[in-house]
Amino acid sequence: MRKKLIFLFVASLTFFSCSKQGNPKLVVYIVSDQLTPSLLNKFDPLFTGGFRWLKDNGINYTNTFHNHGKTNTGPGYFTLSTGVYPGKGGIISNDWYVRDMKRSINVVEDTSATNFSGKGIGRSFKNISSSTLADWLKDTHPSSKVVSISGKDRGSILMGGRNPDLALWYDKDGGFTSSTYYLPALPVWVSDFNKNLNVLSYTDSTWSRLKEPGIYSKYARPDDFKGEKIVSKKKGAKPILPLNFGEMSPSSLLSGFYEYPQGDRALVNLAIKSISQLKLGKDNYPDILFLGLSATDGVGHHFGPNSVEQLDNYLRSDKNLMLLIDYIRDEIGLDDIVFILTGDHGVMALPEYLQSKKISSGRISSSQRKKVYSEILNQINQIIGIDKVVQYGNAFYFNKDLSKEEREVATKIIKKAVRYIEGVSEALSLEDILNLSPNKLNNRLKNMIHPHKGPDVYVLLKENWLWKRSYGSSHGSHYDYDSHVPLIISKNNIIKDYINSTVHTVDIPLTIANILDLNYSKNVDGIPLNVQFQSK
Ligand SMILES: [Zn+2]
């Protein structure tokens with residue numbers, strides 16, 4: 001009996017529910033754009049840095065899915081920040097058509113704000129009405145600090161919430177920026193960081209393979225592969241490493257810097273700088289650092305997920321994340337830090353790669369699509385009237401004044417015509433989606449629609465088909481390859497664990513809120529996961 005009691009006592013010391021322990025000093029919430037569980041698993045034996053540490057000290061939720069269609073960055077980050085499905089929250093894509101304005105808007109555009117870079121339409125959180133993890137933290141602990149840094153404006157802004165202490169993103173012109181929504185001016189230390197970064201100096205640099213050739217032949221497909229983008233402007237260049245940045249045009253280097261591992265390295269350096277500048281993790285109020293890494297998405301769009309370039313990018317990401325973890329270990333200590341690693345969406349393999357594996361796949365012909373869409377609009381114009389229906393992206397928006405009969409006619413025309421686009425599965429109306437019987441894929445479609453803001457008819461792809469023509473890969477569908485993302489929740493010195501039951505990304509912000517003991521909005525769609533850290 002006595003032995004049993006001692007055992008119970010010891011067990012209670014080493015096995016505790018996270019919400020019962022003292023608040024962490026800092027949560028580092030890393031969202032790596034397009035990071036996939038399949039590549040994290042495949043490359044696992046090669047990791048010795050940050051991915052290794054996060055996996056070896058983490059609970060790995062192996063079946064984590066975005067439970068919404070339209071799997072791109074805006075909806076993904078929105079869900080990871082709010083615990084609300086993008087459809088319900090009205091964040092139906094990265095950009096969409098607004099009937100009242102008769103134009104499209106970007107998810108984070110704000111014409112009343114000015115970007116400090118002086119470039120483009122202002123950016124802010126203004127378009128979002130849902131509250132976020134960052135907001136719940138600030139509501140509970142006004143002294144807590146929130147820093148959000150990403151290569152993409154929407155990544156940083158959606159995670160940072162209403163009132164972050166700092167939200168920074170790459171300005172596509174050689175520096176990191178913010179807007180007047182957040183601060184009166186860019187902090188001097190950020191301007192200094194930008195000066196030192198000097199992106200154009202990378203024209204002297206080459207992106208070379210980090211490891212010996214045998215690693216790449218074992219873990220990636222051949223480097224020169226059909227369907228990869230040729231980034232170099234040099235005559236006869238191939239889509240292979242090494243890539244000499246001097247062979248890119250200066251304007252594409254400046255605008256695309258964040259799409260390369262060198263850009264992610266700069267992001268990590270900036271995150272490290274922000275920890276010291278804002279003294280994160282130094283007092284008793286928990287802080288959050290959001291880090292939205294962007295290179296994996298850029299590399300995947302250019303070269304596809306099984307490329308030599310993507311393998312090398314994961315290896316570099318492994319190194320970069322170790323720099324961050326080591327810095328935190330030295331400056332704050334790791335014991336009161338919780339790390340979360342996940343992704344905003346997955347990716348499809350290159351169609352050319354799938355075809356080489358005898359899997360039916362392809363790219364939609366843009367000329368065929370254009371032709372069919374213009375025939376659709378011509379027919380609708382003739383039967384219903386001019387400007388009654390707008391096509392934006394692969395969806396159709398009806399004017400609000402269309403009668404029930406006119407809606408039915410327009411829907412019928414679209415449904416019939418899109419069958420002639422090779423690679424399209426079907427067009428579904430809002431009502432069709434609402435009436436679909438619930439199952440895994442249909443639920444994702446249901447969770448991407450908004451009854452008033454969204455399109456009236458969606459054109460859907462067949463599995464393993466891409467809207468992207470000629471080169472590279474993409475994401476955005478409701479299929480598993482676009483929805484499956486990693487989720488690893490890590491804390492120093494815990495026994496690593498694997499949870500194989502299905503969880504959804506909408507659960508993640510609520511789980512973090514629980515870990516931090518925060519009150520959160522009742523109007524959420526996720527369920528907090530019961531995280532149990534077991535000490536080594
Ligand atoms: Zn992308």
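Two strands are said to pair if DSSP finds at least two bridges between them, and the strands themselves (E, at least two residues), like the helices (H or I, at least four residues), are DSSP runs numbered from the N terminus. This is a predicted model, in which local features need pLDDT of at least 70 and side-chain atom pairs count only at pLDDT 80 or more, while totals for chains, interfaces and linings use all residues. Residues are numbered from 1 along each chain as its sequence is written, and side-chain values use heavy atoms, with hydrogens and water left out.

**The sheet and its helices**

An open sheet of four strands is arranged in the order S14-S15-S17-S16, and its pairing is antiparallel. Strand S14 (389-392) and strand S16 (424-429) stand at the edges with a single partner strand each, so one side of each has no neighbour in the sheet. On average, neighbouring strands of this sheet are turned by 20° against each other, direction ignored. S14 pairs with strand S15 (residues 395-398) in the antiparallel sense over four bridges, and Gln-391 stands opposite Phe-396 in S15.

Helix H15 (residues 366-383) packs on the sheet, where it touches S14, S15 and strand S17 (457-461), and its direction makes about 170° with that of S14. Helix H16 (residues 404-418) lies across S14, S15, S16 and S17 and runs at about 175° to S16. Contact here means heavy atoms within 4.5 Å, and the axes are lines fitted to C-alpha atoms, for helices over the stretch in contact, with angles running from 0 to 180 degrees between N-to-C directions.

**The zinc site and helix H12**

Which residues coordinate the zinc ion? Asp-297 (OD), listed twice, His-301 (NE2) and His-475 (NE2) do so, at 2.0 to 2.4 Å; donors are N, O and S atoms within 2.8 Å of the metal (3.2 Å for Na, K and Ca), and since water is not among the atoms, sites may look incomplete. The four donor atoms subtend angles of 56 to 154° around the zinc ion, which makes the arrangement irregular. That word covers whatever fails the other classes: four donors are tetrahedral if all angles lie between 85 and 135 degrees, while four count as square planar and six as octahedral if opposite donors are over 155 degrees apart and all others between 65 and 115.

Asp-297 and His-301 are four residues apart in helix H12 (residues 295-303), and therefore about one helical turn separates them. Both Asp-297 and His-301 are buried, a term for under 20% relative accessible area, against over 50% for exposed and partly exposed in between (1.4 Å probe, protein chains only). Nine of the nine residues of H12 are buried, so this helix is largely enclosed by the rest of the structure. Its buried residues pack against several elements, including strand S2 (26-32) and helix H11 (261-277). Just after H12, Gly-304 takes a positive phi of about 85°.

**Aromatic pairs**

Rings of Phe, Tyr and Trp (its six-membered ring) pair if their centres lie within 6.5 Å, with planes under 30 degrees apart counted as stacked, over 60 as edge-to-face and the rest as tilted. By this rule the count comes to 20 aromatic pairs, among them the two below.

| Pair | Centre distance | Plane angle | Class |
|---|---|---|---|
| Trp-53 and Phe-339 | 5.3 Å | 70° | edge-to-face |
| Tyr-170 and Tyr-258 | 5.8 Å | 35° | tilted |

Trp-53 counts as buried at 9% relative accessibility, and Phe-339 is buried with a relative accessible area of 0%. Tyr-170 and Tyr-258 are buried as well.
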